Amino acid sequence: MNYISRFCLFVIFFTVINSMVQGEIITKTVEYKHGNVIFEGYLAYDNSIKEKMPAVLIVHEWMGLGPYVKWRAEQIAKSGYVAFAIDIYGKDIRPDNPSDAAKQASIYLNDRQLMRQRAHIGLEEVKKLSFVDKKRIAAIGYCFGGTVVLEMARANENLIGVVSFHGLLTSPQAKEQKNIKAKILVLHGADDPNIAHGELEDFENEMRLSKADWQIVLFGNAVHSFTNPASGNDPSKGAAYNEKADERSWKAMKIFFQEIFADSQNTETITKNIKALARLSDARGKDIGTVSFEQIGQEVLVKVNIHDMPEGIHGFHIHERGLCETPDFASGGGHYNPFHKQHGLKNPEGPHAGDLPNISIDSDGNCVTEFFTEFISLDPAALNSVFKEGGTAVIIHERPDDYISDPTGMASSRLACGVIEKI
Ligand SMILES: [Cu+2]
């Protein structure tokens, strides 16, 4: 966007004016400037982490940057991210009553370019931190702040994901935007009276047209501001705390982060040289060859080199435990299935992450083949990592996998097994 390049001409400076240590979490008030406007943000991070860390911007509610988002920033820092609560209104503009808050918020709600500008300035600040991985930044926002982070996604800011907690969803800018890049998670109270009838559908349509990767989670029995304990507990007022929805939405955000940060890590750093190997043996414990794994971008290249096995087509899977006990290999457990899907590469409710294509053993008892799978990862932090706690194992079955029958594909007994190990 043109306006972004214009901003880069301004000189923004950064001053740390206050610092304190809370165990391993460092928190700092950060002053920054744009033109004549001074802002006051809030930074929190875990001092014990040495490598570059992913960062999460936090955008405040209509009352401005206050204790609530500071508390959230500290929570996020404890999860291993650099948390930076940005200031949209400017230093000292901290409304203390709803009518002033509404006045402030509406300045930006009615001027989306100004809203985008203020958010962009905050984003540029966090990028200046030497310990932030600039390619791995997400943004979350509450109420007014939820609207701001969605606007950042519409402006195609360099964010890998945004999360709106009970934010207003629609934008006058909605129609101009195509191809939103940031992944979007909207966490919303199903009974939030601030969303007019039809606005949810308008937002969905906007996301479709923008070709966005988007999700909306609606929390039943939740109204506006359901994540904030200060909102009281009377839903009839339209804003109230809802403990269940608060916990569930926080969990949803963390799962979203795991996904988006692991994904970006795959493409940036994990691409190179993470490899794994399984040495397989048969029911009598005799070596029958190897299966190797190599992460290449989002996919894993699987290379099979097997000998001394019975001729024919055989089911071939990754199982959920890294344990190969002869003679039946039952110790490997079921198929590796971290996303709780059904079995089968052809199953519309599937597949298991561990579902791999059948292998064909020739008349000499050998099989040399290779293929890609996108269902597993070698990134230890990924939800579908083969290096999960307890490990995983490759298993060759007696019969072919029919690719559809849940949960085993009718592949019958287990002929060979090998624990997957990092090399
Ligand atoms: Cu199996």
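Into which domains is the protein chain divided? In this predicted model, the answer is domain 1, covering residues 2-270, and domain 2, covering residues 275-422. The legends below start from the whole chain and then move in.

**Figure 1. The protein chain with its domain 1 and domain 2.** Let's begin with the overall layout. The C-alpha centres of domain 1 and domain 2 are 41 Å apart. Measuring out the C-alpha trace along its principal axes gives about 80 × 45 × 40 Å.

**Figure 2. Secondary structure and packing of the protein chain.** Here you can pick out 7 helices and 18 strands. Of the 423 residues in the chain, 43% are buried. Take the contacts between residues at least 6 apart in sequence: 62% of these join residues at least 24 apart.

**Figure 3. An open sheet made of 7 strands.** Follow the strands across the sheet and you will meet them in the order S14-S17-S18-S10-S11-S12-S16, with antiparallel pairing. At the edges sit strand S14 (316-319) and strand S16 (367-373), each of which pairs on one side only. On average, and ignoring direction, neighbouring strands of this sheet are turned by 20 degrees against each other.

**Figure 4. Strand S12 beside strand S16.** This view closes in on one pair from the sheet. Strand S12 spans residues 299-306 and runs antiparallel to S16. How many bridges join S12 to S16? There are 7 bridges. For a single example, look for leucine 301, whose bridge partner in S16 is phenylalanine 372.

How values were computed:
Residues numbered from 1 in each chain as written. Predicted model: local features only at pLDDT ≥ 70, side-chain atom pairs only at ≥ 80, totals over all residues. Domains from an automatic or database assignment. Helix = DSSP H or I, 4+ residues; strand = E, 2+ residues; numbered from the N terminus. Buried ≥ 20, exposed ≤ 12 C-beta atoms within 10 Å, placed from the backbone. Contact = placed C-beta atoms within 7 Å. Pairing = 2+ DSSP bridges. Axes fitted to C-alpha atoms, helices over the stretch in contact; angles between N-to-C directions.
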